[in-house]
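Hi,

Here is the structure I promised to pass on. Have a look at it first, and then read my notes underneath.

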Amino acid sequence: MASRRSFIKQSALATAGTMLLPNFLKAFEIRPDFIQDSGKVLVVIQLSGGNDGLNTIIPYQNDLYYQHRPTLAISKSNVLKASDSLGFHPSLTKLNELYDQGYLSVINNVGYPNPDRSHFRSMDIWHTASDATEYLTTGWVGRYLDASCKDCHVAHQAIEIDDTLSLALKGETIKGLGVKNPKKLYQILHNEFFQRVSKNIPTDSSNSELHYLYKTLAETTSSADYIYDKSKVYQSAVSYPNNEFAGQLKTVAELINSGIETKVYYVSLSGFDTHVRQQAVHERLLGIYAESVHAFISDLEKNNRFKDVMVMTFSEFGRRVAQNASNGTDHGTANNLFIMGKNLKQKGFINETPDLSKLDEGDLIHQIDFRSVYATVLNKWLGSNDEQILKKKFELLNFA
Amino acid sequence: MSLTVMVESLQYKHFCNRAAFGIPLSAVKNSFQPLAIMKEGVADKPIQVIEKPVRDYEGKPNEAEIKVALKKNKEAQIRLNTAWFNQLTDPQVVFREKMTFFWHDHFACRTRNAFLAQQQNNTLRKYALGKFGDLLMAVSKDPAMLQFLNNQQNRKDKPNENFAREVMELFTLGRGNYTESDIKNAARAFTGWAFNPLTGEYLFRSRQHDFDSKTFRGKTGNFSGEDIIQMILGDKQTAFFITHKICKFFAGEAIEKSEVDALAEKFFKSDYDINQLLINLYSSDWFYKNSGNRIKSPVELIAGVQVQTGGNFNNPFNIIFLQKTLGQVLFQPPNVGGWPAGKEWIDSSSLTFRMSLPTLLLRNAESSFQAKDDGDVNDATNTVAKPGQISYTVNWEKLAGSFRKNSADKTLEEVEGFLLVKPTTEENRKMIAAFAGEAKEDLEFLKKACIGFMSLPEYQLS
């Protein structure tokens, strides 16, 4: 390495110069053809680990519930009663408020045929919207992007607030963008190296893998710039609880309120796998969930954007009806699912309560396929072709 | 022959990238002969980091015993993962390990029980380069697989078809080459195939087995599970299905159908000799025409960095963190269909992290990226995959010794040739030259050059 110094001089001269911009990059210069924009936004909240739906929305008049859960059941006096038969867990006062305002629909008994009780497989099924017997490599939100935005060249039409991207947001040709913190992503991508590499596109496009890598890099850089610029437009004035989940929702609110065109946001709250000593853990998580979502909706309300936003909360499965020997609950099947919106067409508890007298080996039997909920959101809220995206026709529900 | 000269053999480079995890630093003496090279790296080295089978307690455990058992099992999961990760690139076994890695994806399986996972992994390793028929039979009687595909619940009075379906759909014939009735009848033949949870050993429960007559793929008889597997192997379609999958894995997406079909014919005639199939593949000209068209999987990427830098992870949790953040944790395929492949690995987040990886490793930087917590309390990788300081050691003197030192230009050219499967653009090369040129001493120069080339999109390709 003796003659390095002279080499450095020589190369420094040669680095400058302009590169030809390939076609796919030119798309960034003008605003891309976007998904036909209805201005509607979907926010998906994933409760990871399997939320205990029965202790979330409580059938407080049902003796079987109390028999199955001698120490874990929420006593009748502590339930926040919402209807003749159902009420909220005491940590959910803020959710109860949203219910009272008519901003909440609870869909009971949501699941799918041949339920799988393993976390990863059941989550896989929810993400890909597959049957329990098939394996898909694309996610339902990703396929929505594929269907709605064939020639778009931006990654931020669907954003997951995280450092990694879930399968749900990966389509065949278009994938969403994972970003936990717009500023951080911007800084990572704005070191000189990333900036320059993203412009040094190989001219030989015969290697489709190489082309794809550079295309993804260019889109990422471009989207990161755009999101960071936009994220500075609006700073939330609403006070959020001090936890990571609330921070993610705050980021979503700031992006929505700043007028970015993202159609779908994806946020997760983890820790619901309550096999052991469930009470304290569940109480804390539900509190975090309800208070954060409430702050988020207030933030949107303040900016008159809640009317454009629908929030869907799901978990990969519910838990067994009977508690286990460790004051916890094991993996179950059907569960409740929450929809929030300003102008819901059906409010409150929109279907039957779980039937605790008719169980399948100790588990609830689903009545509504989760893909009916997806189909409804895709069709009625996002105005897209649900059948093409879900690869099958599912019955549409009436909440949207 | 020096490393440099070997790198200049594009065939050798391609072979190492695909058949193993990249060109090792150790210089190779002979000229490039795939068969000779392969022979030196196919030893069978079982992983034995978990001694005890399933549980420590007798009878029905209490809460405290369950807690201890779960904790031990979580520790065992981490031990097993890192033990295998470290073994993947061991030169004495690397070609067998790469094939084991292929079968680990082909026979995708998940089990909580780390002992059963280790046992299955050793079974895949043992037969990885043997006869596919032996491998298939062993996997079909493997406790982790029987558990994963619900064959413990497959009983005469209440058959469970999961195992029978996946054996045909994913492991041998491929979709569309059997009927629903074949699945039903095969499931009956596999009734009673079970295992003893206390010892982790295969067990045939004859009282649960359906000894009645079955009709499978047009033939009728009192078929056992073994008979079904033999009949599946008797169908040439199995040889075609497996050969195509192996060729796609090693040669990339753009494979010539006629060439692969010819290999499949030979594979069938050789009674499914896997080693011979690989030799035939590596001896063909077309195999060497497709370099640089395959996107490395996360494990291949991390293992590749380790091979090429000769470095070591000092903190096993870092290994788990990287696998998890990049989306491929050993022993945790997403489903029985196995991991994604090719472009499916790349999205904006994963590419950003992949391109930041060399700085993290070679500068021992602190990662600000976070892996996903999937919420499963019994999955040890959720707890240990926390971001933090990366501790990875490279012997830079040794690495520097592998390159000729006649000029900075030459060194850079060699580093590029060593790290990248194909040259990058002139612009990137000049940029990296300028970046490395800021260094005040040789080893720092080399480090910067390595970080530069390894951070390129080109480095994602093999």
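Of the 400 residues in chain A, 52% are buried; bear in mind throughout that this is a predicted model. The secondary structure of chain A amounts to 13 helices and 12 strands. If you take the contacts in chain A between residues at least 6 apart in sequence, 72% of them join residues at least 24 apart.

The strand I'd look at in chain A is β9, residues 309-315. Seven of its seven residues are buried, so β9(A) is largely enclosed by the rest of the structure. You can see this on both faces: Val309(A), Val311(A), Thr313(A) and Ser315(A) are buried on one side, and Met310(A), Met312(A) and Phe314(A) are buried on the other. That fits the usual pattern, since in a regular strand the side chains alternate between the two faces of the sheet.

What does β9(A) pair with? One partner is β1(A), residues 41-48, which runs parallel to β9(A) over seven bridges. To find the register, start from Leu47(A), which sits opposite Ser315(A). Another partner is β10(A), residues 335-340, joined to β9(A) by three bridges in the antiparallel sense. Here Met312(A) has Ile339(A) as its bridge partner.

Chain A also has an open sheet of three strands, ordered β2-β4-β3, with antiparallel pairing. Its edge strands are β2(A), residues 57-59, and β3(A), residues 80-81, each pairing on one side only. Between β2(A) and β4(A), residues 86-88, there are three bridges, again antiparallel. Within that pairing, Pro59(A) is matched with Leu86(A) of β4(A).

Now for the nonpolar cores. The largest has 147 residues, and those with the most contacts inside it are Leu281(B), Ala449(B), Cys450(B) and Phe453(B). Helix α12 of chain B, residues 236-251, gives the largest share of this core, with eight residues. Apart from this core lies another, of 103 residues, and Leu86(A), the bridge partner of Pro59(A), is among its members. So are Val309(A), which we met as a buried residue of β9(A), and Leu378(A) and Leu390(A).

Back in chain B, which residues is Leu281(B) in contact with, leaving aside its neighbours within four places in sequence? They are Cys247(B), Phe250(B), Ala251(B), Leu263(B) and Phe287(B).

There is a helix pair worth a look in chain B too. Helix α4(B), residues 63-88, and helix α16(B), residues 316-326, pack at an angle of about 85° with their axes 10 Å apart. That angle makes α4(B) roughly perpendicular to α16(B). On the α4(B) side the contact is made by Ile78(B), Asn81(B), Thr82(B) and Phe85(B), and on the α16(B) side by Pro316(B), Ile319(B) and Ile320(B). By class, this contact has five nonpolar and two polar residues, with no charged ones.

Last, where the two chains meet: the contact takes 55 residues from chain B and 56 from chain A. On the side of chain B that touches chain A, at least two residues each come from α17 (348-362), α20 (408-419), α21 (426-437) and α22 (442-454). The residues on that side of chain B divide into 17 nonpolar, 22 polar and 16 charged.

Best wishes

Key:
Residues are numbered from 1 along each chain as its sequence is written. Chains are lettered from A and ligands numbered from 1 in the order in which they are written. This is a predicted model: local features need pLDDT of at least 70, side-chain atom pairs count only at pLDDT 80 or more; totals for chains, interfaces and linings use all residues. A nonpolar core is a set of buried Ala, Val, Leu, Ile, Met, Phe, Trp, Tyr and Cys residues joined through C-beta atoms within 7 Å. A residue is buried if 20 or more other C-beta atoms lie within 10 Å of its own, exposed if 12 or fewer, and partly exposed in between; C-beta atoms are placed from the backbone. Helices (H or I, at least four residues) and strands (E, at least two) are DSSP runs, numbered from the N terminus. Two residues are in contact if their C-beta atoms, placed from the backbone, lie within 7 Å. Ala, Val, Leu, Ile, Met, Phe, Trp, Tyr, Cys and Pro count as nonpolar, Asp, Glu, Lys and Arg as charged, and the others, Gly among them, as polar. Axes are lines fitted to C-alpha atoms, for helices over the stretch in contact, and angles run from 0 to 180 degrees between N-to-C directions. Angles under 35 degrees count as roughly parallel, over 145 as roughly antiparallel, 65 to 115 as roughly perpendicular and the rest as oblique. Two strands pair if DSSP finds at least two bridges between them.
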